[in-house]
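Student: Could we go through this model together, one question at a time?
Tutor: Happy to! Let's have a look.

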Amino acid sequence: GVSISSGSGTATSSGAVVVQSPDAGTSGVSGALTFQSGTTSAGASGSISLTTGVATTVGGAISLSVGSGTTGVGGNIGLTAGTTAAVENGGYVNIAAGGGAGNGGNVVITAGQSTTAAPKHGGHIVATAGTGTAGAGGDVSISSGSGTATSSGAVLIQSPNAGTSGVSGALTFQSGTTSGGASGSISLTTG
């Protein structure tokens with residue numbers, strides 16, 4: 001194996017490890033950074049792990065950020081689990097906030113803002129379950145947290161107020177059509 005490690009600090013901080021490509025010149029692009037494990041003919045391929053250390057105060061953060069574009073589009077971030085050719089489940093993507101003795105951590109998903117004066121719209125948030133070619137398609141479930149001692153959390157679905165002109169956004173709850181049998185029902189029920 002190849003090991004890259006900074007020096008430890010017995011009284012103060014340990015050393016940093018910096019892996020970077022320098023800025024590009026007047027033309028061209030900056031160099032890419034590639035972290036990739038090898039393929040294997042038997043067994044699992046090697047994993048890639050990004051983990052910060054345990055702390056007595058605040059745990060270390062992990063930041064994934066792409067650069068902005070001055071004349072072109074901003075960069076993308078893609079998180080994609082692996083597919084499989086076997087009759088097995090595909091890999092899953094798990095995004096979970098941490099628990100705490102105080103409040104639990106938040107998971108915030110926010111689309112980008114349109115900053116131009118031109119009539120452009122903000123970015124969309126699209127949650128789509130997978131298609132089933134022979135079985136049923138995947139479900140989309142939105143659920144608030146349970147309360148073991150007090151109330152459970154609320155689920156709020158709303159469109160914000162309109163600006164000085166225009167109308168507020170519509171809310172649409174619609175089941176799909178069917179070529180055989182009943183179409184899906186819509187049920188509103190209190191506990």
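Student: Which residues make the nonpolar surface patch of about 1,100 Å²?
Tutor: Keep in mind that this is a predicted model. The patch is nonpolar, lies on the surface and covers about 1,100 Å². Its members are Leu 50, Ile 62, Leu 64, Val 66, Ile 77, Leu 79, Val 93, Ile 95, Val 107, Ile 109 and Ile 125.

Student: What is the relative accessible area of Val 66?
Tutor: Val 66 belongs to that patch. Partly exposed residues fall between the 20% and 50% cut-offs. Val 66 is partly exposed, and its value is 38%.

Student: How many helices and strands does the chain have, and what is its radius of gyration?
Tutor: The secondary structure comes to zero helices and zero strands. For 191 residues the globule rule gives 16 Å, and the chain is well over that, so it is more spread out than a compact globule. Its radius of gyration is 24 Å.

Student: What share of the 191 residues is buried?
Tutor: Buried means under 20% relative accessible area. In this chain, the buried share is 0%.

Methods:
Residues numbered from 1 in each chain as written. Predicted model: local features only at pLDDT ≥ 70, side-chain atom pairs only at ≥ 80, totals over all residues. Heavy atoms only, no water. Patch = residues over 30% accessible without salt bridge, like charges linked within 9 Å, V, L, I, M, F, W, Y side chains within 5 Å. Areas by Shrake-Rupley, 256 points an atom, 1.4 Å probe, with all protein chains shown as cover. Salt bridge = Lys/Arg side-chain N within 4 Å of Asp/Glu carboxyl O. Buried < 20%, exposed > 50% of the residue type's maximum accessible area, 1.4 Å probe, protein only. Helix = DSSP H or I, 4+ residues; strand = E, 2+ residues; numbered from the N terminus. Rg over C-alpha atoms; globule rule 2.2 N^0.38 Å.
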